[in-house]
Amino acid sequence: MPSFKDFIQIDKGADIAIYLQVVNAIIQQIRRGQLRSGSKLPGSRELAEALTVHRKTIVAAYDELMAQGWIEMIPRKGTFVMQDLPEIKPKKLKQGEPVLLYPEKTIFAIPENRPGAFPDPVIPDSTRLIINDGFPDTRLVPNELLLRELRSLGRQTAFRKYHMYGRPEGTDYLRETLAGFLRETRGLPISAANVMITRGAQMGIYLTAQLLLKPGDQVIVGESSYFAATLTFQQAGAHINRVPVDEFGIDIDVVEQLCEKKRIRLLYVIPHHHHPTTVTLPPERRIRLLELAATYKFAIVEDDYDYDFHYTSNPVQPMASLDHHGSVIYIGTLSKTLVPAVRVGFIVAPENFVRAVANLRMAIDRQGDSMMEIAIAELYRNGTIGRHIRKVVNLYRERRDHFCALLTDRLGERVSFKIPDGGMAIWTKFTDSDLRQVSVKAYQKGLIMSDGQRYNTGQTNYNSARLGFASLTLSEQGKAMDILVNCL
Ligand SMILES: Cc1ncc(COP(=O)(O)O)c(C=O)c1O
């Protein structure tokens, strides 16, 4: 019989509770066969003394082991290791040699060169700085407050219903909260029935494409535009028509000419801080787009992913706020407002559209993460998200200005860019160096940046990248710029 004092090593500084350390050590001994079925365990007082811990700690450990089925307590006899241990060992499928190497490939063919295949995502790594694309500084996220809301959910009986299956449209609580928030802040005359919660903007774009498009349908996007949306339309079989984007966004005259020639089914537009060029669509163009959509009966997908981040001017109300005819599918996300890892976004649309996309969603995702949705709703209601936006906007404005000054001072004529009114990235053209080579060299020196290829549509080589400034402190920006200067 092993000495319990020897195999139960308590580390009072460890993150894991002491009673769980006792539990884990005893389970390990049972698994190793050192504590056999039927062996008697010391009484709680005796073990507590041996380990110099409180007796209640041992009582808690024994309760846990009993609840899991490792030990049993027999009245007036003591505590024993169970005869039948709670380890589930599957029956062997076949006697003999197991498969030692998992196959590298399937035996059946997988379609290659699918239309709309996505490039591999860029994954940040902690050893490199990143000025890729533009995303929020995840260190500023009010994680503690979010976790507090999640923790309190378990305790509130009113929210217990959200632990079960729910609606594919999302939890009513967040739908109502968002409808109220969007009514107040963006002038959208909507109710909860017009809101569907998605896992980020991308799901909204995907469901819309799947619902509306069939092979050969005509879709309009900007030249250049957000590649993920274009690929999603291509996956649905759409024919992509690219319309020039100038300093005020998508060219509406060209849209009109296209409408006269072709039956347009859907137009995708990013009204604030167009991706990639960061320009904003002014009210006159928005109104003309609405008129065209009503005349030619196409859907406008208004991807307002960047609505919250304005540094120089005020945002413009969404087209959805003036949509008399039911033309607009308005899409938003918390990926920038809060953090990309919280997969919460939304679609706002007429009710019949919300019902139809919700039904479609059930084929790939029965519903969203209700607990997270409730926690996010609470953060809206108690003002946390509003406060967070105001704070980071001030900080990002400073970061934008600092980064633009660095670009001018240190790279001068070698780049050209316009200071964006908002958003998280600077659309930067490299005037005398090949961006692909620059980005490879930068990566080797510890800086992740885009090579700009995803914006080249075949018609134009922009040799430009979105340089994200928001996620870096001023001193990190300085270091990133040192690397960039070095690579040029
Ligand atoms: C134009 C555009 N829409 C939407 C998103 C966000 O997508 P999601 O909410 O799926 O993270 C991005 C992210 O970069 C974007 O650039």
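The following questions and answers concern helix α4, the domains and the cavities of a predicted model. Local features need pLDDT of at least 70, side-chain atom pairs count only at pLDDT 80 or more, and totals for chains, interfaces and linings use all residues. Residues are numbered from 1 along each chain as its sequence is written, and side-chain values use heavy atoms, with hydrogens and water left out.

Q: What makes residues 55–68 agree with the expected span of a helix?
A: The expected span is 1.5 Å times one less than the number of residues. For the 14 residues of α4 this gives 20 Å, and the end C-alpha atoms are 20 Å apart, so the two values agree. Helices here are DSSP runs (H or I, at least four residues).

Q: Which residues of α4 are called buried, and how do you know that they share a side?
A: Buried means under 20% relative accessible area, and exposed over 50% (1.4 Å probe, protein chains only). Thr57, Ile58, Ala61, Tyr62 and Leu65 are the buried residues of α4. They cover an arc of only 135 degrees around the axis, which puts them on the same side of α4; the arc is taken from the directions from the helix axis to the C-beta atoms. The face turned away from this buried side carries exposed Lys56 and Ala67.

Q: What follows α4?
A: Gly69 follows α4, and its phi is positive, near 90 degrees.

Q: Which domains is the chain divided into?
A: By an automatic or database domain assignment, the chain is divided into domain 1 (4–81), domain 2 (129–135 + 387–487) and domain 3 (162–382). The C-alpha centres of domain 1 and domain 2 lie 56 Å apart.

Conventions:
Helix = DSSP H or I, 4+ residues; strand = E, 2+ residues; numbered from the N terminus.
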